[in-house]
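Got your viewer open? Load the model and follow along, one selection at a time.

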Amino acid sequence: MMKEIQEEIKHFLIASFGIIVLGLSITLLSWQYTLISSGLPGYGLIINYLTKFPLGTLLIIANSTILFFSFVIAGKTSGIRGVYGYIFLSLVIDYSKKIFLLKQIILHSFAISALLISFQGFIAPIAISVVILNKYSFGSYSSLLPIFDKIHPVSPPKLFLFLDAILVFITFFLFGFNKAFLLAINALVFFVVFKYSLKYLSTCRLEKSKLDPRSPPARG
């Protein structure tokens, strides 16, 4: 029993660390430099730039709405871990701005903007992979999967790319070509890194469980 409790605490702490890294990547690399990154936070960033409504609060509203419809339509939810994940992520995003006294900066260099948004696209999926492999969630696109599976099944990569394509189009319409192109770079880097980081971390965990017969089975 004590071993299981220790494992749960370990998963909680590691997943929480991953959520913190994800939240800071959005705040420090996307929001601070008025860039738009992929995923549901990207839609939130657009609304934030247009209305100044707090990004973290937007994500809580959006994820709670998705959670409700997921339960009504598909009879599934992300559970308490998912609720904790998206609320904690939202708090990290909103309060990190106050803790670090962040002010938004408008970059005039396309090369620097491309470097920053590519770095965000590299860091975020690694953090997400850590969260997923520890059986936690943080909402976003993944929360929509049960709804689409009920209406018209679609693979996660196709759904994510489709929703990001819509986001790129909206960004182009509202903010112009440069912002949309930078978002497309971010989305491409994100999905490539996400695919291989999740595979690599899963393999590492499996190998570790094989080497140590006392360790619990690999999760995720």
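Here is a short tour of this predicted model, with two helix pairs and then a single serine.

**Stop one: α3 and α4.** Select residues 55-74 for α3 and 79-99 for α4; their axes sit 8 Å apart, at an angle of about 165°. Because angles over 145 degrees count that way, α3 is roughly antiparallel to α4. The crossing between α3 and α4 is right-handed. Now show side chains: on the α3 side you'll find Leu59, Ile60 and Asn63 among the residues in contact, and on the α4 side Tyr86, Ser90 and Ile93 are among them. Color this contact by class and you get 7 nonpolar, 5 polar and 2 charged residues.

**Stop two: α1 against α4.** Keep α4 and add α1, residues 2-31; here the angle is about 40° and the axes are 9 Å apart. That angle makes α1 oblique to α4, and α1 passes α4 in a right-handed crossing. Look for Phe12, Ile19 and Trp31 among the α1 residues taking part, with Tyr84, Phe88 and Ile93 among those from α4. The contact of α1 with α4 counts 12 nonpolar, 5 polar and 3 charged residues.

**Stop three: Ser140.** Go to the loop between α5 (110-133) and α6 (145-151) and pick Ser140. Is Ser140 buried or exposed? With 10% relative accessibility, Ser140 counts as buried, since the cut-off for buried is under 20%. Leaving out residues up to four places away in sequence, Ser140 touches Gly39, Leu40, Pro41, Asn63 and Ile66. Finally, zoom in on Leu40: its backbone nitrogen is 3.3 Å from a polar atom of the Ser140 side chain.

Definitions and conventions:
Residues are numbered from 1 along each chain as its sequence is written. This is a predicted model: local features need pLDDT of at least 70, side-chain atom pairs count only at pLDDT 80 or more; totals for chains, interfaces and linings use all residues. Side-chain values use heavy atoms; hydrogens and water are left out. Helices (H or I, at least four residues) and strands (E, at least two) are DSSP runs, numbered from the N terminus. Buried means under 20% relative accessible area, exposed over 50%, partly exposed in between (1.4 Å probe, protein chains only). A polar contact is a pair of N or O atoms within 3.5 Å; within protein, one must be able to donate a hydrogen and the other to accept it, and residues adjacent in sequence count only if both atoms are side-chain atoms. Contact means heavy atoms within 4.5 Å. Axes are lines fitted to C-alpha atoms, for helices over the stretch in contact, and angles run from 0 to 180 degrees between N-to-C directions. Angles under 35 degrees count as roughly parallel, over 145 as roughly antiparallel, 65 to 115 as roughly perpendicular and the rest as oblique. A crossing is left-handed if the near helix is turned anticlockwise from the far one by less than a right angle, and right-handed if clockwise. Ala, Val, Leu, Ile, Met, Phe, Trp, Tyr, Cys and Pro count as nonpolar, Asp, Glu, Lys and Arg as charged, and the others, Gly among them, as polar.
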